[in-house]
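Trainee: I'm new to this one and would love a guided look. Could we go through it together?

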Amino acid sequence: MEKPAIKITVLGAGISGLSTAYWLARDGFDITVLEAQNEAGGSMITEKKNGFLIDYGSNSGLETTTLVGELVGETGLQKEMVYANETGNKRYILRKNQLHALPTNPIAFLRTKLFSRRAKLRLLAEPFIGKSEEGYYQSISEFVKRRLGREFLDYAINPFVAGVFAGDPDTLSVKSAFPKLYRLEELYGGLIKGMIKGAKERKNIGEQSKQSAKMFSFIGGMQTLPKAIARKLGKRITYNCKVEKIDKSANRYKIFYKHNDLPKEIVSDIVLSTIPAYKAALVFGGFDDQLCRHLNEIYYPPVQVLFLGFRKESIGRALDGFGFLIPKKENRSFLGAIWSSVIFPQRADSNKTAFTLFIGGARSPELFNGDVESLINRVLKEFKEIMNINEDPLFVKEKMWAKAIPQYNLGYIEHERYFEKVEGEFPGLFLSGNYRGGISVGDCIANSEPVYKKIVDFISK
Ligand SMILES: Cc1cc2nc3c(=O)[nH]c(=O)nc-3n(C[C@H](O)[C@H](O)[C@H](O)COP(=O)(O)OP(=O)(O)OC[C@H]3O[C@@H](n4cnc5c(N)ncnc54)[C@H](O)[C@@H]3O)c2cc1C
């Protein structure tokens, strides 16, 4: 199909930018993607070394949208895609030096020692607790404490929030960060009632809840997907391109960037920015002061990823789950560990076991103020104790994400409203990426579709 001569430039070749760029290119539009790194993927980075497969960013995705399967199919990755081992359904929480499986059914819930009898009885009150006032300015802590009680906050939600956002439940906005959870109260008046009714609703519209969606990855790790989309985009992507500034000139945008350190510029009718908010703040510096302030105010806490490989025989406990999370109350030096090669056996040779640990996050960014080497040694010691491991690891790899995951904190809605206002005021400018609409890989893909549709609508007007 012949398309009007409209130039579209996408900033960033992470999964958000790639998904939208791919759909636009498939429709025949003139697309250029500018990526600062020398490869595609952004927060999806995989490395293969010494018989281990290391995912330094996302370790898996949840198939919450059919768009994942479509992208996998269209990029020819069907045979590469793998689903998590069923053992991975079991998730542990640390309490008093013991790992307790998170109960997944009412009988297990009654039996578990993770929660006291009092905490279990407290849950019975949940359906009778009324609605709250304002979810955007209510933290997930306040929400859960009110509906489910203090202990449930400390031993279920606190570690869960660390596992998803590397976040602090006292500062994350319940409605911005967990819109579906808040919706259960808003729409149905409670979580238990909402879960029952919501399941029926989802079935009708063919949507998967995060609890029931299948966990996926690829034989070659998570970066397989962005790399495959990038191959489809081919020469439309230019790597080693750091966008520095954008000016608005008449109805078009002038993009200034450095390609292999050489200054370049390009004029575009449409700009889709998918780079992290704090980077976008630099790029849009001369554009609108308020926009920069909003972008800069989105907090990205530091997270250190520690990948450990052990001999299988050295592990002194059953490897029968996804891994474990640690509540803040347990006062440990890390957030939790994924048992990577249990979930996806391709992560290590058959006689070895791979784990991925997460340190820091919004809950304890101060950990990095001190000596990082002694922090790593402390984490290793604690991990070996919890797992009953009697040997040192065969293989250790680390990656520090100085600014890891955007936090949808209290007041985030003001940023979101401002982004919408800016998009209205600057025709042809679109802001996307994981600081809008969800941070998970599945959410980034799902949210890239309305962005793609908005761009197509804009062009056809
Ligand atoms: C440690 C960690 C663990 C995670 N674990 C999971 C998980 O298990 N499951 C899950 O679903 N999600 C997970 N996530 C979240 C998920 O991976 C990300 O939210 C998602 O990949 C973000 O994609 P994106 O395209 O929006 O942004 P990014 O991946 O950040 O991509 C942005 C791109 O823009 C480029 N860029 C930046 N500045 C410029 C510039 N000036 N010019 C040009 N290009 C630029 C960057 O190089 C990058 O490639 C994790 C994230 C991290 C950091």
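Trainee: Happy to start with the strands. How many bridges pair E1 and E2, and in which sense, parallel or antiparallel?
Mentor: Good place to begin, and keep in mind that this is a predicted model. In general, strands of a sheet pair through backbone hydrogen bonds, either parallel or antiparallel. As one example here, Val-10 has Val-33 in E2 as its bridge partner. Strands E1 and E2 are joined by five bridges, and the sense is parallel.

Trainee: Is strand E1 mostly covered or mostly open, and how many of its residues are buried?
Mentor: Strand E1 spans residues 7-11. A residue counts as buried if 20 or more other C-beta atoms lie within 10 Å of its own. By that count E1 is mostly covered, and the number of buried residues is four of its five.

Trainee: On the other side of E2, which residue of E10 is the bridge partner of Leu-34?
Mentor: Strand E2, residues 30-34, runs parallel to E10, and two bridges join them. For Leu-34, the partner in E10 is Thr-238.

Trainee: Which strands lie at the edges of the whole sheet?
Mentor: The sheet is open and has five strands, paired in parallel, in the order E10-E2-E1-E14-E20. An edge strand here pairs on one side only. That description fits E10 (237-238) and E20 (429-431).

Trainee: Now the helices. How are H1 and H16 oriented, and what is the handedness of their crossing?
Mentor: The axes of H1 (residues 15-26) and H16 (residues 441-460) come within 8 Å and cross at roughly 40°. Angles of 35 to 65 degrees fall outside both the roughly parallel and the roughly perpendicular ranges, so H1 is oblique to H16. The handedness of the crossing is right-handed.

Trainee: How do the residues of that contact divide into nonpolar, polar and charged?
Mentor: From H1 the contact includes Ile-15, Trp-23 and Leu-24, and from H16 it includes Val-441, Tyr-452 and Ile-455. Polar residues take part too, among them Ser-16 of H1 and Ser-448 of H16. The division for H1 with H16 is nine nonpolar, four polar and no charged.

Trainee: And how is H2 oriented relative to H16?
Mentor: Helix H2 covers residues 66-74, and its axis comes within 9 Å of that of H16, crossing at roughly 85°. Leu-67, Val-68 and Leu-71 of H2 make the contact with Gly-442, Ile-445, Ala-446 and Glu-449 of H16. These residues divide into five nonpolar, one polar and one charged. Angles of 65 to 115 degrees count as roughly perpendicular, so H2 and H16 are roughly perpendicular.

Key: Residues are numbered from 1 along each chain as its sequence is written. This is a predicted model: local features need pLDDT of at least 70, side-chain atom pairs count only at pLDDT 80 or more; totals for chains, interfaces and linings use all residues. Axes are lines fitted to C-alpha atoms, for helices over the stretch in contact, and angles run from 0 to 180 degrees between N-to-C directions. Angles under 35 degrees count as roughly parallel, over 145 as roughly antiparallel, 65 to 115 as roughly perpendicular and the rest as oblique. A crossing is left-handed if the near helix is turned anticlockwise from the far one by less than a right angle, and right-handed if clockwise. Two residues are in contact if their C-beta atoms, placed from the backbone, lie within 7 Å. Two strands pair if DSSP finds at least two bridges between them. A residue is buried if 20 or more other C-beta atoms lie within 10 Å of its own, exposed if 12 or fewer, and partly exposed in between; C-beta atoms are placed from the backbone.
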